[in-house]
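I opened this notebook page to go through the charged pairs, the strands and the helix in turn. The structure goes in here before the entries begin.

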Amino acid sequence: LGPAEEIVGESINLSEGGMALRTSVALETGRLVRLSFCLPSFSPPIETQAEVTWTGNGGSVGMRFVNMPAAALFQIKEWALQELGKPTPAGAVACCV
């Protein structure tokens with residue numbers, strides 16, 4: 001994976017501190033990536049840095065947000081409040097470059 005390649009994945013879990021996602025490309029733990037993702041019914045996309053903290057079977061990876069902008073953190077909190085009690089929707093798309 002080169003320094004400016006894009007990977008597309010599907011989120012499987014999202015919190016204020018990070019996200020888990022499924023990708024078709026293996027990422028090594030400790031790697032810093034740029035992360036861009038959209039929340040349903042919200043715009044613009046959230047963009048931040050993230051550190052790969054764990055990897056699992058089936059292409060799943062855990063990422064911890066690094067230097068998340070305050071406005072993006074607020075957007076995640078608002079989205080989570082709206083989603084409480086709803087069935088889990090299809091994952092938001094995440095891109096790592």
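**Entry: the charged pairs**

I started with Arg64 in this predicted model, and found that Arg64 makes a salt bridge with Glu51, with 2.5 Å between the closest N and O atoms. Because Arg64 belongs to strand S5 (residues 60-66) and Glu51 to strand S4 (residues 46-55), I note that the pair ties together parts that are 13 residues apart in sequence. I then looked up the accessibility of both partners: Arg64 is partly exposed at 40% relative accessible area, and Glu51 also counts as partly exposed, at 22%. Since buried means under 20%, the value for Glu51 does not meet that cut-off.

The structure holds 2 salt bridges, and I looked up Arg31 with Glu28 as well, where the closest N and O atoms are 3.6 Å apart. Here Arg31 is buried, with a relative accessible area of 18%, whereas Glu28 is partly exposed at 45%. I wrote beside this that side chains of opposite charge can pair when their charged atoms come close.

**Entry: the strands**

Going back to the strands that carry the pair from Arg64 to Glu51, I found S4 and S5 joined in the antiparallel sense over 6 bridges, and Glu51 stands opposite Arg64 in S5. The two strands form a hairpin with 4 residues between them, and Gly58 in that turn has a positive phi of about 70°.

I next asked which strand S5 meets besides S4, and found that 5 bridges join S2 to S5, the two running antiparallel. In this pairing Ala20 is opposite Gly62, and Leu21 has Val61 as its bridge partner. S2 (18-23) in turn pairs with S1 (7-14), again antiparallel and over 5 bridges, with Glu10 and Arg22 as bridge partners; S1 and S2 form a hairpin with 3 residues between them.

For burial, I noted that 6 of the 7 residues of S5 are buried, which leaves this strand mostly covered. In S2, 5 of the 6 residues are buried, so I describe S2 as largely enclosed by the rest of the structure.

**Entry: the helix**

I checked the length of helix H1 (residues 70-83) against expectation: at 1.5 Å a residue its 14 residues should span 20 Å, and the end C-alpha atoms are 20 Å apart, which agrees. Where do the buried residues of H1 lie around the axis? The buried ones are Ala72, Gln75, Ile76, Trp79 and Glu83, and because they cover an arc of only 100° around the axis, they sit on the same side of H1. I recalled that an α-helix has 3.6 residues a turn, so residues three or four places apart point the same way. On the face turned away from the buried side I found the exposed residues Ala70, Ala71, Phe74 and Leu81. The buried residues of H1 pack against S1, strand S3 (32-37), S4 and S5.

**Entry: the core**

Last, I looked up the largest nonpolar core, which has 18 residues, with Leu35, Phe37, Ile46, Met63, Phe65 and Ile76 making the most contacts inside it. S2, S3, S4, S5 and H1 are the elements that each give two or more residues to this core. I followed Ile46 in particular: leaving aside residues up to four places away in sequence, Ile46 touches Leu35, Ser36, Phe37, Leu39, Met68, Ala72, Gln75 and Ile76.

Methods: Residues numbered from 1 in each chain as written. Predicted model: local features only at pLDDT ≥ 70, side-chain atom pairs only at ≥ 80, totals over all residues. Heavy atoms only, no water. Salt bridge = Lys/Arg side-chain N within 4 Å of Asp/Glu carboxyl O. Buried < 20%, exposed > 50% of the residue type's maximum accessible area, 1.4 Å probe, protein only. Expected span 1.5 Å × (residues − 1). Arc of directions from axis to C-beta. Contact = heavy atoms within 4.5 Å. Core = buried A, V, L, I, M, F, W, Y, C linked by side-chain atoms within 4.5 Å. Pairing = 2+ DSSP bridges.
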